[in-house]
Amino acid sequence: VLIRMHRKRDFSLVGEKVVLVPYCQLHVDKYHQWMMDPTLRELTASEPLSIEQEHEMQRKWYLDDDKCTFIVLEKQQCDREMASEKDSMVGDVNLFFNNPQNSASAEVDIMIPESSCRGKGFATEAVRLMMAYAVMELGITTFVAKIGIKNVPSLKLFQEKLGFTQISTSHVFQEVTFELFMDEGLRREYSQIIGTMAHWQRYSPKILEVNSTVCCAH
């Protein structure tokens, strides 16, 4: 698993609506802007960080084999000629490998802070792509999602659209825990996603001095 995790630093995953790219330094400024929103911090149970702390956190996440973070780009925007990768950012999707008793288990979460990009299926596709990657590349068989009780859109996403089952509710932490086990049918379904509705591409951010923007390269 650790060897395969290094792939996350070199490749993007291109879907029909979104592109998943490794979380790099060029994404930090906009990510920091998102996390300045107190409502978003409450929904994601996050603490406010300075921009310097955010850059340091990105460096740790990039090298951490217990965490996999991809930035979600809007594919249509990113495909435009001379489009800015920063301007194409709509959210992030994560895997956490935090169950020492089960190396085939991963926690998954998704954030789409750009309000204009919600309700378009970006979150659903991003999570499915991330799960397909985990099933095919990392041998994950069980997914867990922990969602704040007040985060109604995420509750509906995981339960109604992705088929997760609620297994517990913590009123102390104000969160609901969902789980999805990859039985043979689901493993077959998710194993076919990459190669049919999505594909890998080598990721190398291309810096172009055009109106001081960083342009997409995927």
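A pocket here is an open set of grid points, where a 1.4 Å probe fits, with protein on both sides within 12 Å along at least five of seven lines. In this predicted model, the largest one holds about 1300 Å³ of space. Ile110 turns up both among the residues closest to that pocket's centre and among those with the most contacts inside the largest nonpolar core.

**The pocket**
- The lining runs to 47 residues, and Leu43, Thr44, Ile110, Met111 and Asn151 sit closest to the centre.
- By class, that lining breaks down into 22 nonpolar, 14 charged and 11 polar residues.
- Helix α8 (152-161) is among the elements that supply at least two lining residues each, and α8 gives the most, with 6.

**The cores**
- The largest nonpolar core has 47 residues, with Leu95, Ile110, Phe158 and Phe164 making the most contacts inside it.
- Helix α7 (residues 122-138) brings the largest share of this core, 12 residues.
- Apart from that core there's another, of 17 residues, including Val14 and Leu73.
- Setting aside neighbours within four places in sequence, Ile110 touches Val72, Asp92, Ala126 and Phe158, among others.

**Aromatic pairs**
- There are 8 aromatic pairs in the structure.
- Tyr31 and Trp61 pair edge-to-face, at 6.2 Å centre to centre and 90° between the planes.
- Tyr31 is in helix α2 and Trp61 in helix α4, so this pair ties together parts 30 residues apart in sequence.
- Both Tyr31 and Trp61 are buried.
- Tyr133 and Trp200 have ring centres 5.5 Å apart and planes at 75°, so they too count as edge-to-face.
- Phe11, Phe70, Tyr133 and Trp200 are linked into a cluster by ring pairs.

Notes:
Residues numbered from 1 in each chain as written. Predicted model: local features only at pLDDT ≥ 70, side-chain atom pairs only at ≥ 80, totals over all residues. Heavy atoms only, no water. Core = buried A, V, L, I, M, F, W, Y, C linked by side-chain atoms within 4.5 Å. Buried < 20%, exposed > 50% of the residue type's maximum accessible area, 1.4 Å probe, protein only. Helix = DSSP H or I, 4+ residues; strand = E, 2+ residues; numbered from the N terminus. Contact = heavy atoms within 4.5 Å. 1 Å grid on protein atoms, 1.4 Å probe; cavity = no way out; pocket = protein on both sides within 12 Å on 5 of 7 lines; lining within 4 Å. Points joined across faces, edges and corners; volume = space filled by probe spheres on them. Nonpolar A, V, L, I, M, F, W, Y, C, P; charged D, E, K, R; others polar. Phe/Tyr/Trp six-rings, centres within 6.5 Å; stacked < 30°, edge-to-face > 60°.
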